[in-house]
Amino acid sequence: MKTPQNSLRDIVEEPDLGITLSDGCRLSVRMWRPEDAHDDPVPVILEYLPYRKRDGTCARDALTHPWFAKHGYACLRVDMRGNGDSQGLMEDEYTAQEQADAVEVINWVAAQPWCNGSVGMMGISWGGFNGLQVAALAPDPLKAVITLCSTVDRFADDIHYKGGCLLNENLGWGATMWSFSSRAPDPALREDWREMWLERLEAEPFLPSLWLRHQRRDAYWRHGSVIEDYSAIKAKVLAIGGWGDGYKNAVPQLVEALPGAKGIVGPWVHKYPHFAIPEPRIGFLQEALRWWDRWLKGIDTGVENDPDYRAYLMDGVPPATWYTERPGRWIAEAKGATAHLETSRLHLTDTGLCDSAAPLTATVSSPPHCGADAGEYCAIWLGPELPGDQRGDDALSTTFDSAPLERDVDIVGAPRITLTLSSDRPQAQIAVRLNHIHPDGAATRITYGVLNLSHREDAEAVRPMTPGEPVVITLDLDHIAYRVPAGHHLRVSISDAYWPLIWPSPTPTRLSLTAGHIDLPQRPTPGGDEHQFEPPTAADPWETEELRPEAHIRRRETDMVTGDITLFIEDDFGAVRDCDHGLIHGSVAREAWTINPDDPLSARGQCHWTDELVRDDIALRTETTCMMTASATAFHLNARIEAYENDEMIYARDIEDSIPRDHM
């Protein structure tokens, strides 16, 4: 029997399909597929994550996977080894074991009687990363990948390091995984859930300790970085990202590097674009279906003729830490992404940003708390996480303003800044922001980049600065598509601190600038949309009963006695009961980032997660905490995990670690 191409199919769901790997480890799978797939086999769409299919990703899974299943696909949401309801233990992110397990899963599903032998991988963030990584292993059934909010270089462009600077997200996301992966399986699915939980708690790694042991781009980071060999990827890749996300660069990089790859970048934060914010959203499911139908079913959907790169050109708007929508228009590049676009050059001079070179004698020496309005590295939790008005940070930086623009300027691509500078210390860092200055003085950050100056030549063979010796550095800022209106100004802002986005250098520094210019990739100003997407659609939302509403807090406090400045972040994700199977879950994440304006060694980061699961008369809770400080020579870490069953502590473990600073 062959179902007509455009028919919607009745589907069935299996909440706990088991896939037993060759070493005996059972992975738990939630599967949606057409109920007649045994008679009319279908391709498989695999999403393979540590984020708990039973509670963690239910909301987005409900909107997405049943929709594809009704259109003739088997959709598998697999809990990775050591997470959710799967057996085994997790050691780290993107391990060879994780990738080998994925290949086994792909080969297993391709051999099932309800599968036609073709498999695609789809995922956002972790799932976007490992989709590319598994594609580089080229398992034969894997024909296509849709990767969202991902990276091609784990050291240069992930939550650990950026420009060789240590991102504080290294601790923040490590704390998140310390919490996520230590949670119990659902007792309704596993008779041995308690034994699995205790084993998981005992083995759960505190990943910031591991990540901090690799402060250079060594073999650890090269593993899983597909930039090492793009030619290994044979599957067809559709890459998607968002300007409000931390991962802005992979989409144009993949489009430029992979034959046949297509890219879409919208105004969104770290979410799937059929329910992302800021709007406009797009019909992501329809766009993905065209991709799957072409490469998994062999249907001519015309995707090969789509523009290589479609990006949302955002209108310049006043700064805000959150937007519900961004005005702008869709632009399209038929071939390539942005590498072919022309650039214009502005010179940094003593009189500002100028069309012609002129003398420059400037110094950069910012207090350690500069960067308070940088926002989160990766906006994901739907709180006030975007960069705010930059005037406060600009007041603590060295700035260069342009004359009023004579026309609208569309910046599309990655601005590149080149500076001749010297440092008075061997260890220093630099943060460069390109800002849009409005007539009332408000400053919107367009894009930014940071650089550990010891990494200026090589991210592995690092070399400290020689005090007083001038060097020429080049730094690419993050990709962007942004329109600055006529009559407004551009500003380049430079600081040698950017807290709490990056960890500070061990001592105050003073940088001397003697020459510099910024190259701005520009595109002819379009009149309107150059591409149109279908409106967003989705399957029925997840049915839950709200027990506690979500709440998101950002608060900055100054201790008037010590002078310490602390950013408090609290994300209460609420608590809900699943109306289908009854599991109750809720969580709260708290962070505190403290620094004294006179002392970079006062920097301190603290994280605390509370996670709760309730199944009938079983109430389970974990409390995970961690803290990082640093001396001039080492980073110091403390972490604790506590587990409770019906409010009785059944497990606790403490970790202390000190790791030498390696030119950080």
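**Figure 1. The whole chain, seen through its contacts.** Of the contacts in the protein with a separation of 6 or more, 72% join residues 24 or more positions apart. Keep in mind that this is a predicted model. The fold is built from ten helices and 32 strands. Its radius of gyration comes out at 25 Å, close to the 26 Å that the globule rule gives for 664 residues, so the protein is as compact as a globular protein of that length. If you want a box for it, the C-alpha trace spans about 75 × 60 × 45 Å along the principal axes. Buried residues account for 63% of the 664.

**Figure 2. Surface and charge.** About 23800 Å² of the protein is exposed, and carbon and sulfur atoms supply 49% of that area. On the charge side, there are 61 positive and 102 negative side chains. How far apart do the centres of the two sets lie? Just 3 Å.

**Figure 3. The largest nonpolar core, centred on Leu76.** In soluble globular proteins, nonpolar side chains tend to be buried together. Here the largest such core has 188 residues, and the members that touch the most others are Leu76 and Trp292. Helix α9 (residues 284-297) gives this core its largest share, eight residues. A second core, separate from this one, has five residues, among them Val269, Val317, Tyr323 and Ala379. Back at Leu76, and skipping residues up to four places away in sequence, the contacts include Ile19, Val29, Met31, Val44, Ile45, Leu46, Val109 and Trp114. Arg30 and Glu47 are also touched by Leu76.

**Figure 4. Two cis peptide bonds ahead of prolines.** Most residues other than glycine have a negative phi, and most peptide bonds are trans. The bond from Glu279 to Pro280 is cis, with omega near 20 degrees. Pro280 sits in the loop between β10 (262-266) and α9. The bond from Trp499 to Pro500 is cis too, with omega near 10 degrees. Look for Pro500 in the loop that runs between β23 (489-495) and β24 (511-521).

**Figure 5. Arg52 and His663, two non-glycine residues with positive phi.** Arg52 has a phi of about 70 degrees, and His663 has one of about 55 degrees. Which of the categories, buried or exposed, fits Arg52? At 2% relative accessibility, Arg52 counts as buried, and its spot is the loop between β3 (42-49) and α1 (58-70). His663 belongs to the segment after β32 (648-660). With a relative accessible area of 27%, His663 is partly exposed.

**Figure 6. Ile518 and its long-range neighbours.** Ile518 is part of strand β24. Its relative accessibility is 1%, so Ile518 counts as buried. Arg345 is 173 residues away along the chain, yet the two C-alpha atoms are separated by 5.7 Å. What else does Ile518 touch, leaving out residues up to four places away in sequence? Besides Arg345, the contacts are Ser344, Leu346, Leu348, Pro415, Arg416, Ile417, Leu434, Leu477 and Val492.

**Figure 7. Ser125, just ahead of α3.** Ser125 lies in the loop between β5 (115-124) and α3 (126-137). Its relative accessible area is 13%, so Ser125 is buried. Not counting residues up to four places away in sequence, Ser125 touches Leu148, Cys149 and His270.

**Figure 8. Helix α8 and the loop that leads into it.** In α8 (residues 250-257), the buried residues are Ala250, Val251, Pro252, Leu254 and Val255. What do the buried residues of α8 pack against? Helix α3 is one partner, and the others are the strands β6 (142-148), β9 (236-242), β10 and β11 (309-315). Lys248 is found in the loop between β9 and α8. At 10% relative accessibility, this lysine counts as buried. Beyond neighbours within four places in sequence, Lys248 is in contact with Gly242, Trp243, Asp478 and His479. One more distance for this view: Lys248 and Ser150 are 98 residues apart in sequence, with 8.5 Å between their C-alpha atoms.

Conventions: Residues are numbered from 1 along each chain as its sequence is written. This is a predicted model: local features need pLDDT of at least 70, side-chain atom pairs count only at pLDDT 80 or more; totals for chains, interfaces and linings use all residues. Side-chain values use heavy atoms; hydrogens and water are left out. Helices (H or I, at least four residues) and strands (E, at least two) are DSSP runs, numbered from the N terminus. The radius of gyration is taken over C-alpha atoms; the globule rule is 2.2 Å times the number of residues to the power 0.38. Buried means under 20% relative accessible area, exposed over 50%, partly exposed in between (1.4 Å probe, protein chains only). Contact means heavy atoms within 4.5 Å. Accessible areas come from the Shrake-Rupley method with a 1.4 Å probe; for residues, only the protein chains shown count as cover. Lys and Arg count as positive and Asp and Glu as negative; His and the chain ends are not counted. The place of a charge is taken as NZ of Lys, CZ of Arg, CG of Asp or CD of Glu. A nonpolar core is a set of buried Ala, Val, Leu, Ile, Met, Phe, Trp, Tyr and Cys residues joined through side-chain atoms within 4.5 Å.
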